[in-house]
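User: I'd like a close look at one part of this model, and then a walk outward from there. Take your time with it.

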Amino acid sequence: MSSIKIESAELLEHPILTDIASRFGFSLTTELSLPFQLAWLDEKLQLMQTDTPAQGGVSVDFNSPQSDYRRSQISIKKEAIAKAVGAKANHRPSVLDATAGLGRDGFVLAALGCKVTLLERNPVVAALLYDGLRRAKASASLSGWIEDRLEFIHCSSLDLAQVESLVTSAPEVVYLDPMYPHKKKSASVKKEMKVFQSVVGADLDADGLLENALKLATQRVVVKRPDYAEPLAGVKPSFVISSKKNRFDIYARTV
Ligand SMILES: C[S@@+](CC[C@H](N)C(=O)[O-])C[C@H]1O[C@@H](n2cnc3c(N)ncnc32)[C@H](O)[C@@H]1O
């Protein structure tokens with residue numbers, strides 16, 4: 001996918017759109033031709049499934065009422081991810097989320113009080129995340145909070161030299177959640193997951209992430225996996241934390 005659909009040629013000079021297009025390598029077009037298409041609708045970037053426009057697009061909305069509610073419910077005691085990264089009442093680790101996706105886990109970690117650096121390589125996902133962070137920074141309720149705790153970098157975590165040159169300090173925790181092939185494609189696979197799977201695919205090179213993560217993290221590497229999946233790269237974790245839908249494999253660097 002290499003274009004963003006716009007409603008009219010007047011938007012060709014829109015400063016936000018030209019910024020996003022040049023940053024992530026998209027052109028702007030008024031034509032609609034792809035089965036999955038980035039589109040600028042309602043002043044935000046959305047990923048649409050072209051043949052079912054009525055079901056709406058996928059976008060990153062950290063400042064939606066749902067995100068506000070989710071944020072109000074987040075606490076160290078309740079979130080398995082908090083335990084997984086080693087967050088405690090007096091310690092919030094810095095986290096490099098090396099497979100950021102749409103930033104949901106990164107957002108939870110930031111809401112817990114961690115400083116989070118988000119890395120995403122896929123240009124479509126990266127553009128959605130960048131636009132979501134841009135709108136969150138502009139919103140009155142989230143602006144200072146997001147700027148303090150969430151940083152975003154568009155690059156591949158497999159390129160260790162590039163990551164080391166771009167992150168300002170070594171993260172205490174590296175968090176990994178690569179795409180994993182689902183057991184079966186059920187009708188209940190959420191809209192978001194469906195378009196995501198079609199655009200990103202299966203991250204078949206994910207095993208390579210663990211070695212880099214272990215070099216970068218000063219405390220631990222956390223890998224989120226479906227409960228039926230093998231450990232990443234076949235490497236046995238130091239310990240496992242299970243939650244309702246997933247498990248977290250923890251690779252400890254320090255005791
Ligand atoms: C399952 S999604 C992550 C979802 C995310 N944890 C969330 O809560 O929204 C996996 C993401 O990792 C990204 N990814 C996979 N390998 C990567 C790599 N080497 N560098 C950066 N991003 C990568 C994929 O493009 C995809 O967007």
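User: Which residues of H4 are buried?

Analyst: Keep in mind that this is a predicted model. The buried residues of H4 are Asp105, Gly106, Phe107, Val108, Leu109 and Ala110. The helix itself spans residues 104–111, so with the cut-off for buried set at under 20% relative accessible area, six of its eight residues qualify and H4 is mostly covered. Just past the end of H4 comes Gly113, with a positive phi of about 110°.

Speaking of positive phi, there are non-glycine cases too. Asp203 has a phi of about 45° without being a glycine. You'll find Asp203 in the loop that links helix H8 (191–200) to helix H9 (208–216). Its relative accessibility is 18%, which is why Asp203 counts as buried. Ala233 also has a positive phi, near 55°, and isn't a glycine either. That residue belongs to the loop between strand E9 (220–226) and strand E10 (239–242). Ala233 comes out at 35% relative accessibility, so it counts as partly exposed.

Now for some helix packing. H1 (residues 15–24) and H5 (residues 123–138) pack at an angle of about 145°, and their axes are 10 Å apart. The crossing of H1 past H5 is right-handed. On the H1 side, the residues in contact are Ile16, Asp19, Ile20, Arg23 and Phe24, and they meet Pro123, Ala126, Ala127, Tyr130, Asp131 and Arg134 of H5. By residue class, that contact holds seven nonpolar and four charged residues, with no polar ones.

That leads on to the domains. The chain is split into domain 1 (3–55) and domain 2 (65–252), and their C-alpha centres lie 26 Å apart. Each side puts residues into the contact: 16 from domain 1 and 16 from domain 2. How big is an interface like that? The usual way to put a number on it is often the accessible area lost when the parts come together. Here, domain 1 and domain 2 bury about 1,400 Å² between them, with 73% of it on carbon and sulfur atoms. In domain 1, the residues that lose the most area to domain 2 are Phe24, Phe36 and Leu47, and together they make up 39% of what that side buries. Phe24 turns up twice in this tour: it is one of the H1 residues that meet H5, and it is among those three in domain 1.

Note on methods:
Residues are numbered from 1 along each chain as its sequence is written. This is a predicted model: local features need pLDDT of at least 70, side-chain atom pairs count only at pLDDT 80 or more; totals for chains, interfaces and linings use all residues. Side-chain values use heavy atoms; hydrogens and water are left out. Buried means under 20% relative accessible area, exposed over 50%, partly exposed in between (1.4 Å probe, protein chains only). Helices (H or I, at least four residues) and strands (E, at least two) are DSSP runs, numbered from the N terminus. Axes are lines fitted to C-alpha atoms, for helices over the stretch in contact, and angles run from 0 to 180 degrees between N-to-C directions. A crossing is left-handed if the near helix is turned anticlockwise from the far one by less than a right angle, and right-handed if clockwise. Contact means heavy atoms within 4.5 Å. Ala, Val, Leu, Ile, Met, Phe, Trp, Tyr, Cys and Pro count as nonpolar, Asp, Glu, Lys and Arg as charged, and the others, Gly among them, as polar. Domain bounds come from an automatic or database domain assignment. Buried area is the accessible area (1.4 Å probe) that two parts lose on being put together, summed over both.
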